[in-house]
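Please open the structure in a viewer and keep the selection panel at hand. The stops below are meant to be visited in order.

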There are 2 protein chains.
Amino acid sequence: MAMPAATTLLAWTRLLRAADLASQHCAATLRALGLPPPEWYDVLLAIERRGAQRPRDLQAMLGTEQYALSRLVDRMVKARLLTRVPCTEDARGYLLYLTIEGRAMRAAMWPIYAEAIETVLGARMEDEDCAALAQLLAPLAEPVSA
Amino acid sequence: MAMPAATTLLAWTRLLRAADLASQHCAATLRALGLPPPEWYDVLLAIERRGAQRPRDLQAMLGTEQYALSRLVDRMVKARLLTRVPCTEDARGYLLYLTIEGRAMRAAMWPIYAEAIETVLGARMEDEDCAALAQLLAPLAEPVSA
DNA sequence: GGAATGTCCATGCAAGTGCAACTACTTAGC
DNA sequence: GCTAAGTAGTTGCACTTGCATGGACATTCC
C-alpha cells in the first residue's frame, strides 16, 4: 500500500484537530450550563424526529459502539428523559420513547448547541465554504468498508 | 447570535462523523497489532523532530489538556519510551527525551499508522480534494478564541 | 526581601470507555 | 421439533478521562 502524500497528511492532522476543537467547545459550552453532552442531544433528536427507536437502530444512525449506546441509554433512562417499552415483535429488544422531560430537554439544549455550532463553524467560514466542506467530507462520513 | 444555516449543520455532522470514523479506524488498526494509540505516536514524533521537549510545549503543540498530557507522559515513561530529565532553567519542569525503545517504537508505528491514514483518507479522496480539504479546515484547526 | 500572583505539573475522585464474555431471544438448516 | 448459528442487549473489569484541587517553583510589584 502506498504511503500517504504530504497533502493527505496535512488534511489528516487538520481534520482531527478541527473536529476535536469543535466538539470540545460544544461539550464545554453545554457542560458550563449544566446541560448534558452532545450525544444526549443526538439521541433525543433522533427519537423526536423519527419516533420511538430501538437501540440497534440508534446505534446504526449515530455510529456509536453497541456497549456505549447501551450505557448511554441507561443513563438517559435514569435521568427520566427516555422510557423503555418492551418490543412486541422481538422480545430481545425494546422501544425507546421520549418522556415529557426528554422533549423539554431537547428543546432546552438546542439553542445552546446551535449557538456553539455557529461560533465554531458558521462564524468562521463562508457559507459556500461550509457547503464545499460538507461535499468533500461526504465520502469520509461513511464507514470505511463501504 | 444567528442560528446555523442548513449547510453549516451538514458540515458539522459530517466533520464530526468523518473524524470519529477515521480516528477510530486508526486506533483500532494499531491496537490490533499490539501497538500504542495514535497520541503516543504524536508525542514520539514531536520529540524526535524537535528534540527534547517540556510537557507544556507538547501540550501546546498537540492541543491536549494539561492533565491528560501529564498522565500520558507518565504512561510513556513507565513504558520506557521516554525519560524525564530535570530542567535546569526551571525547577518546576523537566525535559522529555526519547529512549532507544522510544525511537524504535516510533519507527515501528509509522508504517501501520501511515497505511491506516492512506486507507481512510488517501484511498478515498483525490489528491486535489485532500488539498482543498486541508485548505478549508485551516481556520478550524486553530483554537476558537484565535 | 517578602507577599501576592501566576505558571508548571501531579493527583483524588467520580464518571466514562474498551474489551471480552455473557444471557436471552430469533432465525436457518435439517 | 431440534440443534446450530446469528442478533440484541448487558455487564465485569481494567483503564482512561474530566474536573477540581494541590504543591512547588517563578515572577512581579512594592
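Begin by colouring chain A and chain B separately: 59 residues of chain A are in contact with 58 residues of chain B. The model is a predicted one. Between the two chains about 5300 Å² is buried, and carbon and sulfur atoms give 73% of that area. On the chain A side, select A:Trp12, A:Arg124 and A:Leu140; these residues lose the most area to chain B, together 14% of what that side buries.

Next, select DNA strand C and display the protein around it. The strand is surrounded by 18 residues, the closest being A:Tyr67, B:Arg31, B:Arg56, B:Ser70 and B:Arg92. By class, this surface has 10 charged, five nonpolar and three polar residues. Which parts of the strand face the protein? Of the strand C atoms within 4 Å of the protein, 62% belong to sugar or phosphate, and the rest belong to bases.

Three polar contacts can be inspected individually. At A:Ala91, a polar backbone atom is 3.3 Å from a phosphate oxygen of DNA strand C. At A:Arg92, an N or O atom of the side chain is 3.5 Å from a base oxygen of the strand. Turning to chain B, a polar side-chain atom of B:Arg54 lies 3.3 Å from a sugar or linking oxygen of DNA strand C. The elements that give two or more residues to this surface are α4 (66–78) of chain A, with α3 (55–62) and α4 (66–78) of chain B. Of the elements near the strand, α4(B) gives the most, with four residues.

Now select helix α2 of chain B, residues 38–50. At 1.5 Å a residue, its 13 residues should span 18 Å, and the end C-alpha atoms are indeed 18 Å apart. The buried residues of this helix are B:Pro38, B:Trp40, B:Tyr41, B:Val43, B:Leu44, B:Ala46 and B:Ile47. They pack against α1 (6–32), α3, α4, β1 (82–86), β2 (94–98) and α5 (100–120) of chain B. Just after the helix, B:Gly51 takes a positive phi of about 85 degrees.

Finally, move to B:Gln53, in the loop between α2 and α3 of chain B. Is B:Gln53 buried or exposed? B:Gln53 has a relative accessible area of 9%, under the 20% cut-off, and therefore counts as buried. Its side chain reaches the backbone oxygen of B:Arg50 at 3.3 Å, and a polar atom of that side chain lies 3.1 Å from the backbone oxygen of B:Gly51. Beyond its neighbours within four places in sequence, B:Gln53 is in contact with B:Ile47, B:Leu58, B:Met61, B:Tyr94, B:Leu95 and B:Leu96.

Definitions and conventions. Residues are numbered from 1 along each chain as its sequence is written. Chains are lettered from A and ligands numbered from 1 in the order in which they are written. This is a predicted model: local features need pLDDT of at least 70, side-chain atom pairs count only at pLDDT 80 or more; totals for chains, interfaces and linings use all residues. Side-chain values use heavy atoms; hydrogens and water are left out. A residue is near a molecule or strand if one of its heavy atoms lies within 4 Å of it. A polar contact is a pair of N or O atoms within 3.5 Å; within protein, one must be able to donate a hydrogen and the other to accept it, and residues adjacent in sequence count only if both atoms are side-chain atoms. Ala, Val, Leu, Ile, Met, Phe, Trp, Tyr, Cys and Pro count as nonpolar, Asp, Glu, Lys and Arg as charged, and the others, Gly among them, as polar. The expected span of a helix is 1.5 Å times one less than its number of residues. Buried means under 20% relative accessible area, exposed over 50%, partly exposed in between (1.4 Å probe, protein chains only). Contact means heavy atoms within 4.5 Å. Buried area is the accessible area (1.4 Å probe) that two parts lose on being put together, summed over both.
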